[in-house]
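Open the model in your viewer and show side chains as sticks. The tour goes from one aromatic contact to the next.

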Amino acid sequence: FMSTLVAYFSRKGENYFDGNVRRIEKGNTEVVAEKIAELTGGRLFEVVPLTPYSSDYEVCVEESKEDKAKNSRPEIVGCIESIDEYKTIYLGYPNYWGTMPMAMFTFLEKFDFKDKIIMPFCTHEGSGLGNSLDDIRRICEGAEVRAGFSVSGSAVYEIDEATIKAWIG
């Protein structure tokens, strides 16, 4: 029996909700990741960049825009050594500039995803999954990338288990 990994990037601090910026103690993607881990029994792993984005929303927007423009690969800390024991990998991230935060690219490029099942999930405030599925398919050659699940960040606490279970399958 191969286990499940729930790998995610999330950011607390100031976040955008329905036209307003407000401070949150737990990142939106983390909230969803925890629900998925609970439902699947998966191991939770947070992708943490060595240099975190600012907790100030406007500064973070500019930092993430610059990272994407440079196609940077921010160093991540405390990364897992291997994904060999996992068959299914839930991959969570906020939509930054139409795709995943660049630290997720760093994470994905560390491993061989051949014969893995990837279940992408994304938090956003209107932009959905963007181009992230294409990026995941490009990086994770040989993986089966299933339909993504996207949820508005401002609605993460309202998602019911049945909705997540339906997506998990």
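The stops below cover aromatic rings and one charge over a ring.

This is a predicted model: local features need pLDDT of at least 70, side-chain atom pairs count only at pLDDT 80 or more, and totals for chains, interfaces and linings use all residues. Residues are numbered from 1 along each chain as its sequence is written, and side-chain values use heavy atoms, with hydrogens and water left out.

**Start: the rings.** Searching the whole structure gives ten aromatic pairs. Rings of Phe, Tyr and Trp (its six-membered ring) pair if their centres lie within 6.5 Å; planes under 30 degrees apart are stacked, over 60 edge-to-face, the rest tilted.

**Select Tyr16 and Tyr57.** This pair is stacked, at 5.9 Å centre to centre and 25° between the planes. Tyr16 sits in strand β2 (residues 13-17) and Tyr57 in helix α2 (residues 57-70), 41 residues apart. Helices (H or I, at least four residues) and strands (E, at least two) are DSSP runs, numbered from the N terminus. Now colour by accessibility: buried is under 20% relative accessible area, exposed over 50%, partly exposed in between (1.4 Å probe, protein chains only). Tyr16 is partly exposed at 33%. Tyr57 is partly exposed at 21%.

**Next, Tyr53 and Tyr96.** Here the pair is edge-to-face: 5.7 Å between centres, 65° between planes. Tyr53 lies in the loop between β5 (48-49) and α2, and Tyr96 in the loop between β7 (86-94) and α3 (102-109), so the pair ties together parts 43 residues apart in sequence. Tyr53 is buried at 13%. Tyr96 is buried at 12%.

**Then the phenylalanines.** Select Phe45, Phe107, Phe111 and Phe113: they form one aromatic cluster.

**Last stop: Phe17.** Arg22 lies over its face, 3.9 Å from the ring centre. A charge sits over a ring if NZ of Lys or CZ of Arg is within 6 Å of the ring centre and within 35 degrees of the ring normal.
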